Amino acid sequence: MSYRQKAVYWLVDFVVPNFITKYGREELGGRILIASRQLWSLISGSQVRSALIGPGYVKAETKKPSGEVDFNEPISAVIFDPTELRRSEPLPLVNIFSPEVIDPLEESSKEEIESVVRRIMVTRGRPLVQEKLAEVKSLTSIPTLEYTSTSKIRLEIKLTSGVSKARFALSGIHKKIYNPLTSKLSDARHNYDEVENLNILWVDRRKLVAPSKKVLSEWTIIEQSAERTKPEETMRDGYDQITDEYRRTLNFIKANLSSYILK
């Protein structure tokens with residue numbers, strides 16, 4: 001997907017063991033619905049993370065000895081470590097292998113989305129195949145790994161395009177998570193306008209994290225650095241990059257409200 005990619009809704013399942021809440025560490029599981037222009041890659045030193053950036057909502061439950069407790073939270077991003085993701089292991093999991101992607105404007109293709117997810121999982125994460133052919137390192141980028149049988153990575157991406165189909169999927173099938181998101185997007189209190197007041201679901205840290213300069217300044221969005229040609233753009237503070245990307249996505253949604261807030 002290009003730098004000018006239009007926002008789409010990503011609906012993903014997730015499970016985070018040992019999630020940190022005010023009551024201690026508990027298992028958190030449920031769904032995330034978030035509008036993001038693509039699946040981004042973030043880098044800080046030798047660390048690489050994947051991210052969906054934009055207005056979103058978490059509808060989940062924490063498992064306690066006394067029972068399950070609802071966990072509902074508006075967010076500005078979800079960040080996770082792609083090397084932790086597995087289909088069959090009990091690790092913190094954002095199920096990016098089989099997301100449901102809903103595109104009211106019909107600007108995206110399934111092939112584009114699959115390409116981005118595959119690239120994240122093969123070159124940024126720990127590949128899902130066993131035999132490594134080569135590892136190429138350069139002074140200016142993270143290592144690129146080449147593996148055999150990358151076609152074995154089975155993705156099950158469901159793409160829904162068009163306003164009428166999006167209305168059926170969001171306002172109908174997924175209304176329990178869609179309605180809280182859109183009610184906050186359209187609320188007169190402008191809940192999603194102040195990115196500083198919206199937490200990030202940071203999966204590998206097992207907690208909600210406030211998007212402060214201290215937390216985000218060292219991170220860089222790789223795709224934006226690669227696509228912009230001005231040196232001053234590539235050297236921008238990570239906090240500014242990430243919060244600007246959030247605002248860009250939010251502003252696009254506001255400019256196309258009738259396509260993203262469906263009644």
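Which residues have the most contacts inside the largest nonpolar core? In this predicted model, these residues are Tyr9, Leu33, Ile53, Leu170, Tyr192 and Trp202, and the core to which they belong has 39 residues. The element that gives the most to this core is helix 7 (residues 238-255), with six residues. A second core, separate from the largest one, has 32 residues, among them Val12, Val16, Leu28 and Phe71.

These cores belong to a chain with eight helices and 13 strands. Of its 263 residues, 49% are buried. Among contacts with a separation of 6 or more, 67% join residues 24 or more positions apart. The exposed area of the chain is about 12800 Å², of which carbon and sulfur atoms supply 48%.

Ile53 was examined further as a member of the largest core. With residues up to four places away in sequence not counted, Ile53 touches Ile34, Ala35, Ser36, Arg37, Trp40, Ser76, Ala77, Ile221, Ile242, Glu245, Tyr246 and Thr249. Trp40, one of these partners, is also one of the residues of strand 3 that point one way together, along with Leu42 and Ser44. Ser41 and Ile43 point the other way from strand 3. In a regular strand, side chains alternate between the two faces of the sheet. Strand 3 (residues 40-44) is largely enclosed by the rest of the structure, because five of its five residues are buried.

Strand 3 has two pairing partners described here. Its pairing with strand 4 (residues 47-64) is antiparallel and runs over five bridges, and Ile43 stands opposite Val48 of strand 4. Two residues lie between the strands of this hairpin, in which Gly45 adopts a positive phi near 65°. Strand 3 also pairs with strand 13 (residues 220-221), again in the antiparallel sense, over two bridges. In that pairing, Leu42 has Ile221 of strand 13 as its bridge partner. Ile221 is also among the residues that Ile53 touches.

Phe19 offers a view of another part of the chain. This residue lies in strand 1 (residues 8-21). Phe19 has a relative accessible area of 2% and is therefore buried. Apart from neighbours within four places in sequence, Phe19 contacts Gly24, Arg25, Glu26, Leu28, Phe71, Leu201, Arg206, Lys207 and Leu208. Two of these contacts, Leu28 and Phe71, are included in the second core. Arg206 is 187 residues from Phe19 along the chain, yet the C-alpha atoms of the two residues are separated by 4.5 Å.

Conventions:
Residues are numbered from 1 along each chain as its sequence is written. This is a predicted model: local features need pLDDT of at least 70, side-chain atom pairs count only at pLDDT 80 or more; totals for chains, interfaces and linings use all residues. Side-chain values use heavy atoms; hydrogens and water are left out. A nonpolar core is a set of buried Ala, Val, Leu, Ile, Met, Phe, Trp, Tyr and Cys residues joined through side-chain atoms within 4.5 Å. Buried means under 20% relative accessible area, exposed over 50%, partly exposed in between (1.4 Å probe, protein chains only). Helices (H or I, at least four residues) and strands (E, at least two) are DSSP runs, numbered from the N terminus. Contact means heavy atoms within 4.5 Å. Two strands pair if DSSP finds at least two bridges between them. Accessible areas come from the Shrake-Rupley method with a 1.4 Å probe; for residues, only the protein chains shown count as cover.
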